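This report describes how the parts of one chain pack together. Please look over the sequence and the structure before reading on.

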Amino acid sequence: MIEWIRFLLTAVCMLAGLVVCCIGVYGIFRFEYAVNRMHAAAMIDTMGIALCMGGVAISAPDMFTALKCVLVIAFWWISSPVSSHMLCRLEIV
């Protein structure tokens with residue numbers, strides 16, 4: 001029973017991440033200005049990949065692997081907005 005719950009939570013996280021990534025890619029091609037495109041790209045990094053990695057962490061066989069996935073998510077949440085912000089400031093100046 002618990003395996004089915006883990007499978008369903010993994011599937012929901014992966015599908016939600018896929019939807020966010022698809023919407024972000026559409027935004028990258030649809031938006032006109034570079035700053036708006038960077039916002040869509042940052043959304044893919046922070047939300048889409050974090051949801052996919054969350055699904056991987058849920059389906060991980062042991063806690064050490066899940067902890068590594070959570071640390072990867074934390075690193076992305078710290079580094080991606082900062083790099084997007086710096087690229088946008090470069091574009092504006």
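The buried residues of helix 3 pack against helix 2 (34–58). This is a predicted model, in which local features need pLDDT of at least 70 and side-chain atom pairs count only at pLDDT 80 or more, while totals for chains, interfaces and linings use all residues. Residues are numbered from 1 along each chain as its sequence is written, and side-chain values use heavy atoms, with hydrogens and water left out.

Helices here are DSSP runs (H or I, at least four residues), numbered from the N terminus. Buried means under 20% relative accessible area and exposed over 50%, with partly exposed in between (1.4 Å probe, protein chains only). Contact means heavy atoms within 4.5 Å.

The buried residues of helix 3 include Ala-66, Cys-69 and Ile-73. These three also belong to the largest nonpolar core, which has 7 residues and further holds Ala-50, Met-53, Ala-57 and Ala-60. Helix 2 and helix 3 each supply at least two residues of this core. A nonpolar core is a set of buried Ala, Val, Leu, Ile, Met, Phe, Trp, Tyr and Cys residues joined through side-chain atoms within 4.5 Å.

Two residues have their contacts listed below, not counting residues up to four places away in sequence.

| Residue | Touches |
|---|---|
| Thr-10 | Gly-55, Ile-58 and Ser-59 |
| Ala-57 | Ala-66 and Cys-69 |

Thr-10 is located in helix 1 (residues 2–30) and is buried, with a relative accessible area of 12%. Helix 1 also contains Trp-4 and Phe-7, 3 residues apart, and both are exposed.
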